[in-house]
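Here are three short exercises to work through with the model open beside you. Try each task before reading its solution.

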Amino acid sequence: MEPLDTVLTAHRAYLLGWNIGVAGGSDLPTYRSDVPHAPLNGVLRVAGRTPQDALAEARQRLHGVPRVWWVGPDSDAGTADGLVALGAVQVARMPIMTVGIGEAADVPTPAGLHIAESTDLATFVTAYARVSGIPADAVPATIEREKAFTGDGMVLRLVGHLDDGRVVATAVAWISHGLVTLYFVGTQPEQRRRGIGAAMTRAALDLAAERGVRTAALTSSAVGESVYRSLGFQPVGEFRLLTF
């Protein structure tokens with residue numbers, strides 16, 4: 001298994017791939033996509049900075065876009081509480097989870113579901129936008145940012161579609177720093193509770209394994225945690241997501 005600091009480095013590398021603004025240094029890295037969706041703009045860590053200083057500088061860099069603060073094991077102790085004292089609101093606790101791909105459980109692919117890599121960004125983004133809460137009028141900007149995505153790694157985009165061609169699920173496999181990190185794993189609401197999310201996750205792990213990757217990581221929502229645990233993922237840390 002990769003150490004936690006490698007997992008955190010890979011996570012920062014993915015979100016910095018969305019950045020078109022000033023990223024800053026390792027003490028206060030930020031990413032700004034200009035997509036009006038808070039998780040696609042934000043602060044990745046605070047190290048060696050007071051919460052007051054961090055907030056003042058982040059507000060300058062991220063003015064005009066909704067944003068989140070990822071406060072995890074790579075931020076200074078007390079950062080989250082310091083930001084809350086300045087008016088931040090905690091919107092989620094997200095466990096950081098990992099699994100050795102060779103130890104991950106096999107899961108069946110639901111009948112009628114076909115999983116494949118996709119280069120059709122319009123269809124891909126439209127599908128994950130609906131699940132993730134990205135506004136419909138922001139989808140074109142999100143597609144353009146996906147087209148221009150940069151980063152120290154490789155992005156594989158997977159779609160799950162039914163026999164009739166409908167795209168019902170997505171997953172992003174981000175291969176960086178020797179591991180795969182998963183993003184935008186989501187199933188359309190009307191197709192949930194069929195095992196599609198687990199099958200998409202397993203397919204992403206298999207694609208990564210074909211490229212020699214042995215460890216997978218993700219940050220889980222409360223809804224997804226039980227699915228990932230059933231596949232063998234275990235928590236190794238936690239992010240507190242804050243917003244002002």
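A pocket, as used here, is an open set of grid points with protein on both sides within 12 Å along at least five of seven lines. Keep in mind that this model is predicted.

**Exercise 1.** Describe the largest pocket and its lining.

*Solution.* Start with the space: the largest pocket holds about 1,300 Å³. Next, look at who lines it: there are 41 residues, and those closest to the centre are Val131, Val185, Gly186, Ser221 and Tyr228. Now sort the lining by type, and you get 24 nonpolar, 13 polar and 4 charged residues. Finally, ask which element gives the largest share: that's E8, with 6 residues.

**Exercise 2.** Check the length of helix H6 (196-210), then work out how covered H6 is.

*Solution.* H6 has 15 residues, so at 1.5 Å a residue the expected span is 21 Å. The C-alpha atoms at the two ends sit 21 Å apart, so the check works out. For the cover, count residues under 20% relative accessible area: 11 of the 15 in H6 are buried, among them Ile196, Met200, Arg202 and Leu207. Step just past H6 and you meet Gly212, with a positive phi of about 90°.

**Exercise 3.** Place Ser221 and say whether Ser221 is buried, partly exposed or exposed.

*Solution.* First, find Ser221 in the loop between E9 and H7. Ser221 has a relative accessible area of 37%; buried needs under 20% and exposed over 50%, so Ser221 is partly exposed. Then check the surroundings: a polar side-chain atom of Ser221 lies 3.2 Å from the backbone nitrogen of Gly224. Ile96 is 125 residues away from Ser221 in sequence, yet their C-alpha atoms are 9.8 Å apart.

Technical notes. Residues numbered from 1 in each chain as written. Predicted model: local features only at pLDDT ≥ 70, side-chain atom pairs only at ≥ 80, totals over all residues. Heavy atoms only, no water. 1 Å grid on protein atoms, 1.4 Å probe; cavity = no way out; pocket = protein on both sides within 12 Å on 5 of 7 lines; lining within 4 Å. Points joined across faces, edges and corners; volume = space filled by probe spheres on them. Helix = DSSP H or I, 4+ residues; strand = E, 2+ residues; numbered from the N terminus. Nonpolar A, V, L, I, M, F, W, Y, C, P; charged D, E, K, R; others polar. Expected span 1.5 Å × (residues − 1). Buried < 20%, exposed > 50% of the residue type's maximum accessible area, 1.4 Å probe, protein only. Polar contact = N/O pair within 3.5 Å; in protein donor to acceptor, adjacent residues only side chain to side chain.
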